[in-house]
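Got your viewer open? Here is a short tour, stop by stop, with something to select at each one.

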Amino acid sequence: MKTCHVFVSGGGVGGLTLALKLGLCGISVIVAERNRRRSPLYKGELLQPKSIEILHRLGIGKQLDASSFPVETLRTQEWNWNHNDGFIRNESRLSYKILAHPFNEARMIPHEELRDLLIAQIEKLPSVEVIRPAKFMGFQDDQAVITTDGKEMKIAAHYYVGAEGRGSRMRKAMGITSEEKKYNHHFLTASFPRPASLTDGFVFGAAHSFLGLFPLPNEQVRSVYMIPPGSYRQFKDQPITDYYDLHGQYVPELRETMTTIKEWRDVQLMIPFRFQSPRYTRGRMAILGDAAHSVHPMAGEGMNLAIQDADVLSELFCWMDEQGKWRDERQLGWYESVRKPRVDQMIALSHRSALATPITIGRFVCCVNVRSRRWKSDRFCIFNKCSMFRVWDMQKPIYWIGPII
Ligand SMILES: Cc1cc2nc3c(=O)[nH]c(=O)nc-3n(C[C@H](O)[C@H](O)[C@H](O)COP(=O)(O)OP(=O)(O)OC[C@H]3O[C@@H](n4cnc5c(N)ncnc54)[C@H](O)[C@@H]3O)c2cc1C
């Protein structure tokens with residue numbers, strides 16, 4: 001059995017930020033992380049100014065600056081399509097530079113890169129131990145049970161924090177159930193080399209399509225393309241060049257650079273949803289980050305909320321320790337009262353941003369009869385520009401195979 005002041009289940013950005021700040025206060029922490037290695041999955045890259053400030057305070061500012069790409073401006077273009085010709089109907093710019101904040105920019109950093117920076121800093125602290133792979137299983141006799149390398153281990157802590165993301169076992173141990181709300185769209189996402197000119201964040205929207213492009217370090221760009229739910233499989237039946245076309249219609253140079261995407265396997269499906277846990281604490285347990293809430297990715301806030309939850313919770317723990325209130329678990333309630341209303345706001349903001357995007361999927365369609373291969377389209381449909389169309393077979397129900405412009 002091991003002992004510590006705070007046990008953290010989950011070594012994602014939230015759990016690691018918490019462990020790092022607690023370690024800096026001299027509080028002993030054990031983090032159990034299920035995965036031994038870096039995950040190849042895309043999982044959030046945009047850091048907002050507040051999170052950048054927190055990471056600077058934690059001593060990893062220089063490393064963060066070196067490993068990330070600054071984004072000062074987010075540009076939104078609304079497009080109209082008239083047959084094969086697209087034109088920009090409206091353009092707006094959101095500049096971080098107007099913020100009266102020392103970090104008036106966003107930064108793009110690959111998720112796992114940020115975790116590595118946090119771990120490297122944690123390794124310098126004697127009071128923090130990260131065990132991986134180690135899976136938190138639940139509680140036995142008031143102690144956390146983890147399995148590591150096939151063996152079971154118990155950890156006795158004074159506080160237990162769940163930072164294991166969406167399927168949090170800590171949340172379940174707290175007896176909390178919460179309902180997830182789904183959206184009427186999914187996203188395709190991939191990263192590939194970017195043209196040198198693409199240094200701002202870009203959002204392209206038309207009546208029926210949405211494409212986000214966000215510059216990454218190492219001359220890469222993250223693409224996020226909206227599709228109808230359930231259509232990913234049908235996309236995968238199309239040649240990968242169709243994926244290039246979805247981008248090329250807005251940024252023609254991408255047709256050249258994104259050929260590094262060789263097959264649909266290189267393109268990840270991202271399913272947005274939102275939920276808010278009715279509470280974040282119970283007794284000596286607390287949850288943070290995706291274990292406690294989830295937001296639509298449109299406002300780029302999920303990872304940031306996890307970092308900010310961790311910042312507030314660790315601030316409280318450090319204060320409790322300093323003030324001799326360490327064993328007074330009622331103090332944990334402050335964490336919930338500070339963070340939950342803030343997260344409510346962010347859930348609403350992200351939700352409204354999601355609703356503002358062109359997702360009126362299904363009104364104007366190209367139809368093709370799969371047997372006769374004859375196209376039947378309404379006046380909004382341009383065959384060559386069809387990035388979403390409906391396959392129409394007289395003998396089968398209508399089904400989607402991709403989004404339309
Ligand atoms: C495709 C995608 C794109 C996103 N884009 C953005 C973005 O641009 N900006 C943004 O701010 N956010 C974004 N997000 C959201 C962001 O990734 C999450 O909000 C953020 O990672 C939450 O951090 P976390 O530490 O709470 O949880 P996670 O990052 O999920 O970390 C949880 C950790 O716990 C571990 N774990 C799970 N179960 C156990 C267990 N039983 N025992 C031990 N360890 C366990 C997992 O292996 C994982 O490492 C995106 C998410 C996805 C999926």
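Before the first selection, a word on classes: Ala, Val, Leu, Ile, Met, Phe, Trp, Tyr, Cys and Pro count as nonpolar, Asp, Glu, Lys and Arg as charged, and the others, Gly among them, as polar. Keep in mind too that this is a predicted model.

**Stop 1: the ligand**

Select the ligand and bring up what lies around it. You should find 33 residues surrounding the ligand, and the closest are G12, G44, G165, G289 and G302. Colour this shell by class and you get 11 nonpolar, 13 polar and nine charged residues.

Which elements supply at least two residues of that shell? They are α1 (13–24), β9 (135–140) and α9 (302–322). Of the contributors, α9 gives the most, with four residues. That makes a handy excuse to look at α9 next.

**Stop 2: α9 and α1**

Show α1 together with α9. These two helices pack at an angle of about 30 degrees, and their axes are 8 Å apart. Angles under 35 degrees count as roughly parallel, so α1 is roughly parallel to α9. Their crossing is right-handed. To see the contact itself, turn on side chains for V13, G14, T17, L18, K21 and L22 in α1, then for M303, A306, I307, D309, A310, D311, L313, S314 and F317 in α9. Sorted by class, this contact has nine nonpolar, three polar and three charged residues.

**Stop 3: α9 and α10**

Keep α9 on screen and add α10, residues 333–355. Here the packing angle is about 165 degrees, with the axes 9 Å apart. Since angles over 145 count as roughly antiparallel, α9 and α10 are roughly antiparallel to each other. The crossing of α9 past α10 is right-handed.

For the contact, pick L305, D309, V312, L313 and L316 in α9, which meet W334, Y335, V338, R339, V343 and M346 in α10. How many of the residues in this contact are polar? There are no polar ones: the contact divides into nine nonpolar and two charged residues.

**Stop 4: a seven-stranded sheet**

Hide the helices and look for an open sheet of seven strands, in the order β6-β5-β14-β15-β16-β13-β17, with mixed pairing. The edges are β6 (85–95) and β17 (268–270), each pairing on one side only. Neighbouring strands here are turned by 20 degrees against each other on average, direction ignored.

Now zoom in on β13 (residues 186–193) and β16 (residues 220–227), which pair in the antiparallel sense over eight bridges. Label F187 and you will find it standing opposite M226 in β16.

**Stop 5: β1 and its partners**

Next, select β1 (residues 2–9) along with β11 (residues 151–162): they pair in the parallel sense over seven bridges. T3 stands opposite A156 in β11. β1 also pairs with β2 (residues 29–32), again in the parallel sense, over four bridges. In β2, V29 is the bridge partner of V6.

**Stop 6: two backbone details**

Finish in the loops on either side of β9. Go to P133 in the loop between β8 (128–131) and β9. The peptide bond from R132 to P133 is cis, with omega near 5 degrees. Then move to D142 in the loop between β9 and β10 (143–148). D142 has a positive phi of about 65 degrees, although it is not a glycine.

Terms used
Residues are numbered from 1 along each chain as its sequence is written. This is a predicted model: local features need pLDDT of at least 70, side-chain atom pairs count only at pLDDT 80 or more; totals for chains, interfaces and linings use all residues. A residue is near a molecule or strand if its C-beta atom, placed from the backbone, lies within 6 Å of it. Axes are lines fitted to C-alpha atoms, for helices over the stretch in contact, and angles run from 0 to 180 degrees between N-to-C directions. Angles under 35 degrees count as roughly parallel, over 145 as roughly antiparallel, 65 to 115 as roughly perpendicular and the rest as oblique. A crossing is left-handed if the near helix is turned anticlockwise from the far one by less than a right angle, and right-handed if clockwise. Two residues are in contact if their C-beta atoms, placed from the backbone, lie within 7 Å. Two strands pair if DSSP finds at least two bridges between them.
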